[in-house]
Amino acid sequence: MKRKLITMALVAIATAFLPCAINAQGLGGLLKKGKKALEQVVKETPTASDNSKSSEKNTAVAPTVLDNGIEVINPMAEMIEVTPIGLYGVSKSENYGDAYLVLKVLMKEPKNKANFGGSINNERMIAVDTNGKVYNTGENGSWQYDTPEGIPVQVVIDRPGLMFQDIKKDVEVMPIVKFGILIDGYHKGNLTLKNMPIYWDESPE
């Protein structure tokens with residue numbers, strides 16, 4: 001009888017502690033799972049440094065300075081390489097003339113045509129001289145040119161509506177020239193050229 005009572009007491013004690021053991025084990029499992037989930041979130045969430053780098057990559061474009069001193073800022077450089085040749089001025093009076101832009105273009109994608117000029121974000125081409133005077137083109141549209149993939153071609157933007165108008169002929173350099181390139185609905189952007197020379201009454205080679 002005494003032995004039976006001892007056995008029953010041991011069973012009661014074990015039963016009393018069993019839920020605690022189970023709960024502790026369950027809590028440990030939950031903590032383990034929670035820690036693993038937290039580590040995954042931390043791993044996949046970009047840090048402030050990463051966000052900064054991503055933003056800089058998307059918005060900031062490193063300029064390229066050519067041997068002739070012209071600076072090119074081309075946000076589409078991975079798709080299309082643009083090498084400015086110069087602005088070519090055409091006299092229309094003794095002191096004034098218009099100028100058109102001449103480029104050498106290399107398409108890097110399987111695209112055979114691209115539009116050059118304005119109309120990117122509904123903007124016109126623009127040039128600014130050393131005195132800060134702004135010159136616009138007569139229209140904000142663009143013109144399509146053949147740009148076969150992998151072949152450097154000359155692009156002469158001499159359509160009358162896309163020429164910079166009424167420039168004084170004593171202007172020899174345009175510190176800033178901006179224009180747009182449209183390859184397709186998903187690939188377009190504005191390029192900036194700095195220190196562009198003007199060749200008055202000359203023709204591009």
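Which residue forms a salt bridge with aspartate 98, and how far apart are the closest N and O atoms? In this predicted model, the partner is lysine 92, and the closest N and O atoms are 3.1 Å apart. Lysine 92 also meets the side chain of aspartate 166 in a salt bridge, at 2.6 Å from N to O. Because lysine 92 lies in the loop between strand 3 and strand 4 while aspartate 166 belongs to strand 10, this pair ties together parts that are 74 residues apart in sequence. Lys92, Asp98 and Asp166 are thus linked in a network of salt bridges. The three members can be described by their accessibility. Lysine 92 is partly exposed, with a relative accessible area of 48%, and aspartate 166 is partly exposed at 38%. Aspartate 98, with 15% relative accessibility, counts as buried.

The structure holds 6 salt bridges. Another of them joins the side chains of glutamate 71 and lysine 194, at 4.0 Å from N to O. Glutamate 71 lies in strand 2 and lysine 194 in strand 12, so this salt bridge ties together parts that are 123 residues apart in sequence. Glutamate 71 counts as buried at 18% relative accessibility, whereas lysine 194 is partly exposed, with a relative accessible area of 28%. The two strands are also paired through their backbones: strand 2 (residues 71-73) and strand 12 run antiparallel and share 3 bridges. Within this pairing, valine 72 has leucine 193 of strand 12 as its bridge partner.

Strand 12 has further partners. With strand 11 it pairs in the antiparallel sense over 10 bridges, and a hairpin of 2 residues joins the two strands. Aspartate 184 stands opposite histidine 187 of strand 12, and isoleucine 176 has lysine 194 as its bridge partner in strand 12. Lysine 194 therefore appears both in this bridge and in the salt bridge that ties strand 12 to strand 2. The pairing of strand 12 with strand 3 is parallel and comprises 3 bridges; here glycine 89 stands opposite tryptophan 200.

Aromatic side chains connect strand 3 with strand 12 as well. A pair of aromatic rings is described by the distance of the centres and the angle of the planes. Of aromatic pairs, the count comes to 3. In one of them, the rings of tyrosine 88 and tyrosine 100 have centres 6.0 Å apart and planes at 25°, so the pair is stacked. Since tyrosine 88 lies in strand 3 and tyrosine 100 in strand 4, the pair ties together parts that are 12 residues apart in sequence. Both tyrosine 88 and tyrosine 100 are buried. The rings of tyrosine 88 and tyrosine 199 have centres 5.2 Å apart, with planes at 40°, so that pair is tilted. Tyrosine 199 lies in strand 12 and tyrosine 88 in strand 3, so the tilted pair ties together parts that are 111 residues apart in sequence. Tyrosine 88 has 7% relative accessibility, while tyrosine 199 is partly exposed, with a relative accessible area of 30%. Ring pairs link Tyr88, Tyr100 and Tyr199 into a cluster.

Strand 11 has its own set of partners. Strand 5 (residues 113-117) runs antiparallel to strand 11 (residues 173-184) and is joined to it by 3 bridges, with phenylalanine 116 opposite isoleucine 181. Strand 6 (residues 126-128) likewise pairs with strand 11 in the antiparallel sense over 3 bridges, and the bridge partner of isoleucine 126 in strand 11 is lysine 178.

The interior can be followed from these residues. In the largest nonpolar core, which has 35 residues, Leu103, Phe116, Met174, Phe179 and Ile181 touch the most other members. Elements giving two or more residues to this core include strand 3, strand 4, strand 5, strand 11 and strand 12. A second, separate core of 5 residues includes Tyr100, Val102, Val156 and Met163. Outside its neighbours within four places in sequence, isoleucine 181 is in contact with residues including Met76, Val82, Phe116, Ile120 and Leu191.

Finally, serine 142 belongs to strand 8 (residues 142-146). Its side chain makes a polar contact of 3.2 Å with the side chain of asparagine 115. Beyond four places in sequence, serine 142 touches residues including Asn115, Phe116, Ser119 and Leu162.

Methods: Residues are numbered from 1 along each chain as its sequence is written. This is a predicted model: local features need pLDDT of at least 70, side-chain atom pairs count only at pLDDT 80 or more; totals for chains, interfaces and linings use all residues. Side-chain values use heavy atoms; hydrogens and water are left out. Two strands pair if DSSP finds at least two bridges between them. Helices (H or I, at least four residues) and strands (E, at least two) are DSSP runs, numbered from the N terminus. A polar contact is a pair of N or O atoms within 3.5 Å; within protein, one must be able to donate a hydrogen and the other to accept it, and residues adjacent in sequence count only if both atoms are side-chain atoms. Contact means heavy atoms within 4.5 Å. A nonpolar core is a set of buried Ala, Val, Leu, Ile, Met, Phe, Trp, Tyr and Cys residues joined through side-chain atoms within 4.5 Å. Buried means under 20% relative accessible area, exposed over 50%, partly exposed in between (1.4 Å probe, protein chains only). Rings of Phe, Tyr and Trp (its six-membered ring) pair if their centres lie within 6.5 Å; planes under 30 degrees apart count as stacked, over 60 as edge-to-face and the rest as tilted.
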